[in-house]
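Trainee: Could we go through this model together, one element at a time?

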Amino acid sequence: EVALDDATAAAVRIEADARIGRQGVLSQGRNRVTLMWENGCDLDLSLTAPDGQRVYFGSRRLEIAGAVAELDIDMNVSDSGSAFDRKAPVENITIERFSADGIWRVAVTHYKHRFPAPLSCAFRIALQFADGVRLFEGRLAPGDSRVIASIETRGTQVVGIEGGG
């Protein structure tokens with residue numbers, strides 16, 4: 001996890017909002033998980049709920065205990081079109097509210113490499129909650145997948161966030 005001062009946290013939120021907005025999504029959720037990277041590779045973001053259900057490109061919407069989590073942007077699936085961006089791609093999961101107690105896991109998969117991007121793809125994940133922004137950074141080689149953060153919830157409250165799984 002990267003320590004953020006107030007100005008850096010604000011800058012991360014502004015950048016995430018700008019990338020999401022360019023895709024035509026007005027993500028109004030109070031809780032968001034945003035993946036950002038800087039090349040044409042296809043990275044995939046996923047969120048696994050405490051009961052094992054997962055929001056990802058193959059199941060973009062999850063209803064759990066009366067709340068919705070949704071992958072509202074899935075970029076760089078193909079190498080052209082409006083959902084392709086070589087410079088500032090983004091994927092975003094909006095969580096209406098955390099309605100299940102337990103551990104939610106945020107993961108990234110390097111699904112497809114596209115030249116001329118380096119084989120090891122750098123990325124950032126911004127966790128945006130009511131109490132602020134948390135930033136995680138990493139790198140993945142093609143085919144790799146990794147849990148980046150674990151979010152512990154009780155009731156509708158986030159009670160803990162840790163890097164890794």
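Trainee: Which residues of helix 1 are buried, and what covers them?

Mentor: This is a predicted model, in which local features need pLDDT of at least 70, side-chain atom pairs count only at pLDDT 80 or more, and totals for chains, interfaces and linings use all residues. Residues are numbered from 1 along each chain as its sequence is written, and side-chain values use heavy atoms, with hydrogens and water left out. In helix 1 (helices being DSSP runs of H or I with at least four residues, strands E runs of at least two, numbered from the N terminus), the buried residues (under 20% relative accessible area, exposed being over 50% and partly exposed in between, with a 1.4 Å probe and protein chains only) are Ala9, Val12, Ala16, Arg19 and Ile20. Their cover, counted by contact (heavy atoms within 4.5 Å), includes strand 1, strand 5, strand 6, strand 8 and strand 9.

Trainee: Within what arc do the buried residues of helix 1 fall?

Mentor: An α-helix has 3.6 residues a turn, so residues three or four places apart point the same way. Seen down the axis of helix 1, the buried residues line one face, because their arc (taken from the directions from the helix axis to the C-beta atoms) is within 100°.

Trainee: How many residues of strand 6 are buried?

Mentor: Val90, Asn92 and Thr94 point one way from strand 6, while Glu91, Ile93 and Ile95 point the other way, and all are buried. Strand 6 is therefore largely enclosed by the rest of the structure, the buried count being six of the six.
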